[in-house]
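I opened this notebook page to look up charged side-chain pairs. My entries follow the order in which I consulted the structure.

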Amino acid sequence: MIMNRKGIRFFSTSSRYWGISRIKAAVLLLILPICMHAQEEGETPGSTYDPVVITSNPDIMLTQHWAMPTLLNPAATGEIDFIRVRGAGRLQRLGEYHNPKNFLVTADSPFKLMGKRVGAGIIANFESHDLYRNIQVSAQGSYKLNFKQNRLSIGIQIGYYHSQYKGSEYVINRIPDSDGDVSQQPGEGEGDAGNAPDEPSKDDPDEDYNEDMPTQDVAGGALDLGVGIRFEHPKFYVGLSAQHLTNPKVKLSTEGESSSESRYVESKLPMTLYFDVGGNIPIPNSLFTLQPSLILGTDFNELAGVIEMRSTYNNLVTFGVDYRYNTAFGVLAGINIKNFFLGYSWEYNYSSLGKSTTGNHELVLGYQFKMDMGGKNLFRHRSIRIM
(Lines give C-alpha, C1' and ligand atoms only; values in the text may rest on other atoms or scores of the structure.)
Protein backbone atom coordinates (compact mmCIF):
# COMPACT_ATOMS: atom_id res chain seq x y z
CA MET A 1 0.00 0.00 0.00
CA ILE A 2 1.44 3.41 -1.06
CA MET A 3 -0.58 6.37 0.14
CA ASN A 4 -0.40 9.78 1.69
CA ARG A 5 -2.66 12.76 2.17
CA LYS A 6 -0.76 15.46 0.34
CA GLY A 7 0.00 13.83 -2.99
CA ILE A 8 3.64 13.01 -2.25
CA ARG A 9 4.37 9.50 -3.25
CA PHE A 10 4.22 7.42 -1.07
CA PHE A 11 0.13 -25.85 -31.83
CA SER A 12 0.13 -27.49 -35.05
CA THR A 13 2.60 -26.65 -37.84
CA SER A 14 -0.14 -24.98 -39.87
CA SER A 15 -0.91 -22.57 -37.02
CA ARG A 16 2.70 -21.86 -36.12
CA TYR A 17 2.91 -18.34 -37.55
CA TRP A 18 -0.54 -17.39 -36.27
CA GLY A 19 0.59 -18.48 -32.79
CA ILE A 20 3.71 -16.30 -33.02
CA SER A 21 1.56 -13.31 -34.04
CA ARG A 22 -0.61 -13.77 -30.99
CA ILE A 23 2.47 -13.86 -28.76
CA LYS A 24 3.71 -10.61 -30.31
CA ALA A 25 0.29 -9.04 -29.76
CA ALA A 26 0.38 -10.05 -26.11
CA VAL A 27 3.82 -8.50 -25.63
CA LEU A 28 2.66 -5.27 -27.27
CA LEU A 29 -0.40 -5.24 -25.03
CA LEU A 30 1.94 -5.15 -22.02
CA ILE A 31 4.46 -2.66 -23.44
CA LEU A 32 2.19 0.00 -24.92
CA PRO A 33 0.64 1.12 -21.61
CA ILE A 34 4.10 1.98 -20.27
CA CYS A 35 4.10 4.93 -22.66
CA MET A 36 0.82 6.14 -21.15
CA HIS A 37 1.52 5.90 -17.42
CA ALA A 38 2.37 9.61 -16.85
CA GLN A 39 -0.64 11.93 -17.00
CA GLU A 40 -0.77 15.59 -15.96
CA GLU A 41 -3.75 16.85 -13.98
CA GLY A 42 -5.31 20.31 -14.24
CA GLU A 43 -7.30 22.39 -11.80
CA THR A 44 -11.05 22.11 -11.55
CA PRO A 45 -12.79 25.07 -13.27
CA GLY A 46 -14.46 27.45 -10.85
CA SER A 47 -12.54 26.20 -7.81
CA THR A 48 -10.32 28.39 -5.65
CA TYR A 49 -8.79 25.30 -4.01
CA ASP A 50 -6.05 23.08 -5.35
CA PRO A 51 -7.07 19.44 -5.08
CA VAL A 52 -5.61 17.23 -2.38
CA VAL A 53 -4.06 14.56 -4.60
CA ILE A 54 -3.60 11.10 -3.12
CA THR A 55 -1.51 8.51 -4.93
CA SER A 56 -2.71 5.11 -3.76
CA ASN A 57 -2.24 1.53 -4.82
CA PRO A 58 -4.87 -1.00 -3.70
CA ASP A 59 -2.78 -3.96 -4.84
CA ILE A 60 -1.49 -6.18 -2.07
CA MET A 61 1.67 -8.24 -2.45
CA LEU A 62 1.04 -11.26 -0.27
CA THR A 63 3.81 -13.23 1.36
CA GLN A 64 1.94 -16.34 0.17
CA HIS A 65 1.49 -14.87 -3.32
CA TRP A 66 1.95 -18.34 -4.85
CA ALA A 67 -1.26 -19.47 -3.10
CA MET A 68 -3.34 -16.78 -4.87
CA PRO A 69 -1.56 -16.34 -8.23
CA THR A 70 -4.51 -14.68 -9.99
CA LEU A 71 -4.50 -11.75 -7.58
CA LEU A 72 -1.96 -9.77 -9.61
CA ASN A 73 -1.94 -11.63 -12.95
CA PRO A 74 -5.12 -12.60 -14.84
CA ALA A 75 -3.12 -14.99 -17.03
CA ALA A 76 -2.88 -17.39 -14.06
CA THR A 77 -6.62 -18.19 -14.20
CA GLY A 78 -7.40 -21.80 -15.10
CA GLU A 79 -3.78 -22.92 -14.81
CA ILE A 80 -4.65 -26.20 -13.05
CA ASP A 81 -7.51 -28.65 -13.61
CA PHE A 82 -9.37 -27.49 -10.52
CA ILE A 83 -12.00 -24.97 -9.57
CA ARG A 84 -9.97 -23.03 -7.02
CA VAL A 85 -11.38 -20.73 -4.33
CA ARG A 86 -9.13 -18.84 -1.92
CA GLY A 87 -9.64 -16.26 0.80
CA ALA A 88 -7.01 -14.27 2.69
CA GLY A 89 -6.63 -11.69 5.41
CA ARG A 90 -3.52 -9.57 5.89
CA LEU A 91 -2.99 -7.23 8.84
CA GLN A 92 0.07 -5.03 8.45
CA ARG A 93 1.87 -3.39 11.37
CA LEU A 94 -0.62 -4.82 13.85
CA GLY A 95 -0.91 -2.58 16.90
CA GLU A 96 -0.57 0.65 14.94
CA TYR A 97 -3.54 3.04 14.96
CA HIS A 98 -5.53 2.61 11.73
CA ASN A 99 -3.04 0.03 10.45
CA PRO A 100 -3.47 -1.30 6.88
CA LYS A 101 -5.85 -4.24 6.54
CA ASN A 102 -6.74 -6.31 3.47
CA PHE A 103 -9.34 -9.02 3.02
CA LEU A 104 -9.28 -10.82 -0.31
CA VAL A 105 -11.22 -13.46 -2.24
CA THR A 106 -10.19 -15.11 -5.51
CA ALA A 107 -11.83 -17.85 -7.56
CA ASP A 108 -10.82 -19.30 -10.92
CA SER A 109 -11.48 -22.28 -13.14
CA PRO A 110 -10.46 -23.73 -16.51
CA PHE A 111 -13.02 -24.63 -19.17
CA LYS A 112 -13.25 -25.33 -22.89
CA LEU A 113 -14.40 -22.72 -25.41
CA MET A 114 -14.78 -23.94 -28.99
CA GLY A 115 -12.40 -26.76 -28.20
CA LYS A 116 -9.73 -24.46 -26.74
CA ARG A 117 -8.69 -24.26 -23.11
CA VAL A 118 -9.38 -20.93 -21.44
CA GLY A 119 -9.51 -19.69 -17.86
CA ALA A 120 -11.90 -17.41 -16.00
CA GLY A 121 -11.86 -15.92 -12.54
CA ILE A 122 -12.92 -13.17 -10.17
CA ILE A 123 -11.10 -11.24 -7.45
CA ALA A 124 -12.30 -8.97 -4.66
CA ASN A 125 -10.03 -6.83 -2.48
CA PHE A 126 -11.38 -5.00 0.57
CA GLU A 127 -8.83 -2.55 1.95
CA SER A 128 -8.77 -0.31 5.01
CA HIS A 129 -5.97 2.13 5.77
CA ASP A 130 -6.08 5.22 7.93
CA LEU A 131 -9.40 6.89 6.98
CA TYR A 132 -9.66 5.24 3.56
CA ARG A 133 -11.94 2.33 2.69
CA ASN A 134 -11.29 0.88 -0.77
CA ILE A 135 -12.95 -1.95 -2.69
CA GLN A 136 -11.71 -3.49 -5.92
CA VAL A 137 -13.78 -6.12 -7.77
CA SER A 138 -12.64 -7.58 -11.10
CA ALA A 139 -13.48 -10.28 -13.64
CA GLN A 140 -10.64 -12.11 -15.37
CA GLY A 141 -10.13 -14.25 -18.45
CA SER A 142 -7.18 -16.01 -20.10
CA TYR A 143 -6.39 -17.94 -23.25
CA LYS A 144 -3.97 -20.91 -23.19
CA LEU A 145 -1.46 -21.99 -25.84
CA ASN A 146 -0.01 -25.47 -25.21
CA PHE A 147 3.12 -26.77 -26.91
CA LYS A 148 5.06 -29.84 -25.81
CA GLN A 149 5.39 -29.65 -22.01
CA ASN A 150 4.96 -25.88 -21.91
CA ARG A 151 2.02 -23.49 -21.73
CA LEU A 152 1.72 -19.81 -22.56
CA SER A 153 -1.25 -17.92 -21.10
CA ILE A 154 -2.50 -14.46 -22.05
CA GLY A 155 -4.94 -12.78 -19.67
CA ILE A 156 -7.08 -9.68 -19.34
CA GLN A 157 -8.88 -8.15 -16.38
CA ILE A 158 -11.64 -5.57 -16.10
CA GLY A 159 -13.04 -4.29 -12.84
CA TYR A 160 -14.32 -1.45 -10.73
CA TYR A 161 -12.43 0.43 -8.04
CA HIS A 162 -14.37 2.25 -5.31
CA SER A 163 -12.72 4.55 -2.78
CA GLN A 164 -14.16 6.23 0.31
CA TYR A 165 -12.59 8.78 2.63
CA LYS A 166 -14.11 8.85 6.14
CA GLY A 167 -13.87 12.60 6.63
CA SER A 168 -16.37 12.43 9.50
CA GLU A 169 -13.65 10.63 11.50
CA TYR A 170 -10.92 13.12 10.59
CA VAL A 171 -8.75 13.48 13.70
CA ILE A 172 -5.21 14.83 13.90
CA ASN A 173 -2.90 13.87 16.77
CA ARG A 174 -1.53 16.73 18.82
CA ILE A 175 2.21 17.26 18.61
CA PRO A 176 4.03 16.02 21.78
CA ASP A 177 5.26 18.73 24.11
CA SER A 178 8.87 19.19 25.24
CA ASP A 179 8.44 16.39 27.80
CA GLY A 180 7.24 13.97 25.13
CA ASP A 181 3.67 13.91 26.47
CA VAL A 182 0.75 13.87 24.06
CA SER A 183 -2.22 15.80 25.41
CA GLN A 184 -4.76 14.10 23.17
CA GLN A 185 -4.88 10.84 21.25
CA PRO A 186 -7.57 9.67 18.84
CA GLY A 187 -10.64 8.60 20.76
CA GLU A 188 -9.57 10.38 23.97
CA GLY A 189 -11.26 13.75 23.57
CA GLU A 190 -14.15 15.19 25.51
CA GLY A 191 -16.80 13.93 23.13
CA ASP A 192 -19.39 11.25 23.80
CA ALA A 193 -17.91 8.29 25.68
CA GLY A 194 -14.45 9.55 24.81
CA ASN A 195 -14.89 8.63 21.14
CA ALA A 196 -15.20 12.10 19.64
CA PRO A 197 -12.00 14.09 20.14
CA ASP A 198 -11.97 17.86 19.95
CA GLU A 199 -12.32 19.24 16.43
CA PRO A 200 -8.90 20.13 14.94
CA SER A 201 -8.46 23.88 14.73
CA LYS A 202 -6.31 25.86 12.32
CA ASP A 203 -5.78 28.41 15.14
CA ASP A 204 -4.23 25.79 17.44
CA PRO A 205 -0.45 25.62 16.90
CA ASP A 206 -0.35 22.25 18.65
CA GLU A 207 -2.35 20.53 15.95
CA ASP A 208 -1.27 19.44 12.48
CA TYR A 209 -4.30 20.94 10.81
CA ASN A 210 -5.03 20.39 7.12
CA GLU A 211 -7.97 22.55 6.14
CA ASP A 212 -8.08 21.07 2.64
CA MET A 213 -9.17 17.63 3.83
CA PRO A 214 -12.95 17.11 3.86
CA THR A 215 -14.63 16.68 7.23
CA GLN A 216 -17.47 14.56 5.86
CA ASP A 217 -17.52 11.15 4.18
CA VAL A 218 -16.87 11.28 0.43
CA ALA A 219 -16.61 8.49 -2.12
CA GLY A 220 -16.20 7.78 -5.80
CA GLY A 221 -15.28 5.06 -8.26
CA ALA A 222 -13.67 4.30 -11.62
CA LEU A 223 -13.20 1.46 -14.09
CA ASP A 224 -9.91 -0.42 -13.85
CA LEU A 225 -8.06 -2.58 -16.41
CA GLY A 226 -5.20 -5.06 -16.27
CA VAL A 227 -3.39 -7.53 -18.55
CA GLY A 228 -0.91 -10.34 -18.01
CA ILE A 229 1.16 -13.03 -19.67
CA ARG A 230 2.54 -16.21 -18.10
CA PHE A 231 4.81 -19.03 -19.22
CA GLU A 232 4.62 -22.37 -17.41
CA HIS A 233 6.91 -25.37 -17.49
CA PRO A 234 6.68 -28.43 -15.20
CA LYS A 235 9.77 -27.14 -13.35
CA PHE A 236 9.17 -23.38 -13.26
CA TYR A 237 6.90 -20.48 -14.17
CA VAL A 238 7.46 -16.83 -15.06
CA GLY A 239 4.88 -14.07 -15.41
CA LEU A 240 4.53 -10.38 -16.23
CA SER A 241 1.44 -8.26 -15.66
CA ALA A 242 0.32 -4.63 -15.71
CA GLN A 243 -2.41 -3.32 -13.39
CA HIS A 244 -4.31 -0.01 -13.60
CA LEU A 245 -3.50 0.47 -17.28
CA THR A 246 -5.40 3.73 -17.67
CA ASN A 247 -4.10 5.34 -14.45
CA PRO A 248 -7.69 5.64 -13.17
CA LYS A 249 -8.62 8.65 -11.04
CA VAL A 250 -11.33 8.78 -8.42
CA LYS A 251 -12.69 12.26 -7.61
CA LEU A 252 -13.99 12.67 -4.06
CA SER A 253 -15.60 16.11 -3.74
CA THR A 254 -17.38 18.31 -1.22
CA GLU A 255 -19.32 21.41 -2.19
CA GLY A 256 -19.15 24.70 -0.25
CA GLU A 257 -21.77 27.41 -0.15
CA SER A 258 -20.78 28.55 -3.63
CA SER A 259 -18.97 27.01 -6.58
CA SER A 260 -15.86 29.03 -5.75
CA GLU A 261 -15.66 27.17 -2.43
CA SER A 262 -15.77 23.75 -4.04
CA ARG A 263 -12.91 21.56 -2.89
CA TYR A 264 -12.11 17.96 -3.65
CA VAL A 265 -9.78 15.06 -3.09
CA GLU A 266 -8.49 13.09 -6.05
CA SER A 267 -7.26 9.53 -5.61
CA LYS A 268 -4.94 8.31 -8.37
CA LEU A 269 -4.00 4.71 -9.10
CA PRO A 270 -0.65 4.57 -10.91
CA MET A 271 -0.05 1.90 -13.50
CA THR A 272 2.00 -0.84 -11.85
CA LEU A 273 4.07 -3.63 -13.39
CA TYR A 274 4.52 -6.99 -11.67
CA PHE A 275 7.06 -9.69 -12.42
CA ASP A 276 6.99 -13.09 -10.72
CA VAL A 277 9.00 -16.27 -11.10
CA GLY A 278 9.11 -19.54 -9.21
CA GLY A 279 10.70 -22.97 -9.36
CA ASN A 280 10.06 -26.59 -8.44
CA ILE A 281 13.29 -28.44 -7.49
CA PRO A 282 12.88 -32.02 -6.20
CA ILE A 283 15.53 -33.16 -3.71
CA PRO A 284 16.89 -36.56 -4.88
CA ASN A 285 15.96 -39.63 -2.83
CA SER A 286 13.49 -37.74 -0.66
CA LEU A 287 9.92 -36.48 -0.57
CA PHE A 288 11.07 -32.88 -0.18
CA THR A 289 10.84 -30.25 -2.89
CA LEU A 290 12.43 -26.80 -2.84
CA GLN A 291 10.19 -24.04 -4.20
CA PRO A 292 11.92 -20.66 -4.44
CA SER A 293 9.88 -17.68 -5.66
CA LEU A 294 10.25 -13.97 -6.33
CA ILE A 295 7.71 -11.24 -7.03
CA LEU A 296 8.54 -7.62 -7.86
CA GLY A 297 6.28 -4.62 -8.40
CA THR A 298 6.94 -1.04 -9.46
CA ASP A 299 4.89 2.03 -10.31
CA PHE A 300 8.04 3.65 -11.81
CA ASN A 301 8.61 5.61 -8.60
CA GLU A 302 8.94 2.95 -5.94
CA LEU A 303 9.95 -0.71 -5.94
CA ALA A 304 8.43 -3.47 -3.81
CA GLY A 305 9.31 -7.14 -3.74
CA VAL A 306 9.21 -10.42 -1.84
CA ILE A 307 11.77 -13.19 -2.19
CA GLU A 308 11.02 -16.52 -0.61
CA MET A 309 12.40 -20.02 -0.11
CA ARG A 310 9.99 -22.82 0.76
CA SER A 311 10.34 -26.53 1.24
CA THR A 312 7.36 -28.83 0.69
CA TYR A 313 7.13 -32.36 2.06
CA ASN A 314 5.14 -34.92 0.06
CA ASN A 315 2.87 -32.15 -1.31
CA LEU A 316 1.36 -32.01 2.19
CA VAL A 317 3.25 -29.58 4.41
CA THR A 318 5.15 -26.46 3.36
CA PHE A 319 7.37 -24.13 5.39
CA GLY A 320 9.87 -21.42 4.61
CA VAL A 321 11.26 -17.94 5.09
CA ASP A 322 10.78 -14.67 3.21
CA TYR A 323 12.34 -11.24 2.85
CA ARG A 324 10.24 -8.19 1.92
CA TYR A 325 12.41 -5.57 0.25
CA ASN A 326 13.50 -2.79 2.59
CA THR A 327 10.68 -3.55 5.04
CA ALA A 328 10.45 -6.93 6.76
CA PHE A 329 11.47 -10.56 6.98
CA GLY A 330 9.43 -13.49 8.26
CA VAL A 331 8.44 -17.13 8.35
CA LEU A 332 5.54 -19.09 6.89
CA ALA A 333 3.93 -22.51 7.08
CA GLY A 334 1.04 -24.25 5.38
CA ILE A 335 -0.77 -27.56 5.15
CA ASN A 336 -2.66 -29.16 2.28
CA ILE A 337 -5.20 -31.83 3.37
CA LYS A 338 -7.05 -33.40 0.46
CA ASN A 339 -8.47 -30.35 -1.31
CA PHE A 340 -8.22 -27.93 1.62
CA PHE A 341 -5.37 -25.49 2.17
CA LEU A 342 -4.41 -23.46 5.24
CA GLY A 343 -1.41 -21.15 5.34
CA TYR A 344 -0.06 -18.57 7.79
CA SER A 345 2.84 -16.14 7.67
CA TRP A 346 4.33 -13.64 10.10
CA GLU A 347 6.77 -10.85 9.27
CA TYR A 348 8.87 -8.66 11.53
CA ASN A 349 9.02 -5.03 10.41
CA TYR A 350 12.58 -3.84 10.86
CA SER A 351 11.83 -0.43 9.34
CA SER A 352 11.28 2.56 11.64
CA LEU A 353 7.62 2.60 10.62
CA GLY A 354 6.83 -0.82 12.05
CA LYS A 355 9.31 -1.50 14.86
CA SER A 356 6.77 -0.64 17.56
CA THR A 357 4.15 -3.06 16.20
CA THR A 358 3.70 -6.83 16.41
CA GLY A 359 4.48 -7.26 12.71
CA ASN A 360 2.50 -8.39 9.69
CA HIS A 361 0.09 -11.31 10.00
CA GLU A 362 -1.35 -13.16 7.01
CA LEU A 363 -3.80 -16.06 6.82
CA VAL A 364 -4.87 -17.91 3.64
CA LEU A 365 -7.69 -20.45 3.41
CA GLY A 366 -8.60 -22.39 0.29
CA TYR A 367 -10.56 -25.20 -1.28
CA GLN A 368 -10.44 -26.72 -4.73
CA PHE A 369 -12.18 -29.54 -6.57
CA LYS A 370 -11.29 -31.38 -9.77
CA MET A 371 -12.49 -30.42 -13.21
CA ASP A 372 -12.59 -33.03 -15.98
CA MET A 373 -10.93 -31.20 -18.84
CA GLY A 374 -10.34 -34.31 -20.96
CA GLY A 375 -7.06 -35.16 -22.60
CA LYS A 376 -3.70 -35.34 -20.89
CA ASN A 377 -2.88 -33.06 -18.00
CA LEU A 378 0.48 -31.44 -18.67
CA PHE A 379 0.92 -30.50 -15.02
CA ARG A 380 -0.26 -33.58 -13.12
CA HIS A 381 2.96 -33.77 -11.04
CA ARG A 382 3.50 -31.81 -7.85
CA SER A 383 2.19 -28.35 -8.62
CA ILE A 384 4.35 -25.32 -8.04
CA ARG A 385 1.16 -23.52 -7.15
CA ILE A 386 -1.14 -25.86 -5.22
CA MET A 387 0.71 -25.57 -1.93
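The entries below cover salt bridges, their positions in the chain and the burial of their partners.

**Entry 1. Basis.** I note that this is a predicted model, in which local features need pLDDT of at least 70, side-chain atom pairs count only at pLDDT 80 or more, and totals for chains, interfaces and linings use all residues. Residues are numbered from 1 along each chain as its sequence is written, and side-chain values use heavy atoms, with hydrogens and water left out.

**Entry 2. Count.** I took a salt bridge to be a side-chain nitrogen of Lys or Arg within 4 Å of a carboxyl oxygen of Asp or Glu. By this rule I recorded 10 salt bridges.

**Entry 3. Arg84.** I located Arg84 in strand 2, residues 82–91. Strands here are DSSP runs (E, at least two residues), numbered from the N terminus. Arg84 forms a salt bridge with Asp108, with 3.0 Å between the closest N and O atoms. The pair links distant parts of the chain, since Asp108 lies in strand 3 (residues 101–113), 24 residues from Arg84. I then asked whether Arg84 is buried or exposed. Arg84 has 3% relative accessibility and therefore counts as buried; the terms are buried under 20% relative accessible area, exposed over 50% and partly exposed in between, with a 1.4 Å probe and protein chains only. Asp108 is also buried, with a relative accessible area of 3%. I further noted a polar contact of 3.2 Å between the side chains of Arg84 and Glu79. Such a contact is a pair of N or O atoms within 3.5 Å; within protein, one must be able to donate a hydrogen and the other to accept it, and residues adjacent in sequence count only if both atoms are side-chain atoms.

**Entry 4. Glu362 and Arg90.** I found a salt bridge between Glu362 and Arg90, the closest N and O atoms being 2.8 Å apart. Glu362 is in strand 18 (residues 360–370) and Arg90 in strand 2, so the salt bridge ties together parts 272 residues apart in sequence. Glu362 counts as buried at 1% relative accessibility, and Arg90 counts as buried at 1%.

**Entry 5. Lys166 and Asp217.** I recorded a salt bridge between the side chains of Lys166 and Asp217 at 3.4 Å, N to O. Lys166 belongs to strand 6 (residues 150–166) and Asp217 to strand 7 (residues 217–233), 51 residues apart. Lys166 is buried at 19% relative accessible area, whereas Asp217 is partly exposed at 34%.

**Entry 6. Network.** Which residues do shared salt-bridge partners join into one network? I listed Arg90, Arg324, Glu347 and Glu362.

How values were computed. Helix = DSSP H or I, 4+ residues; strand = E, 2+ residues; numbered from the N terminus.
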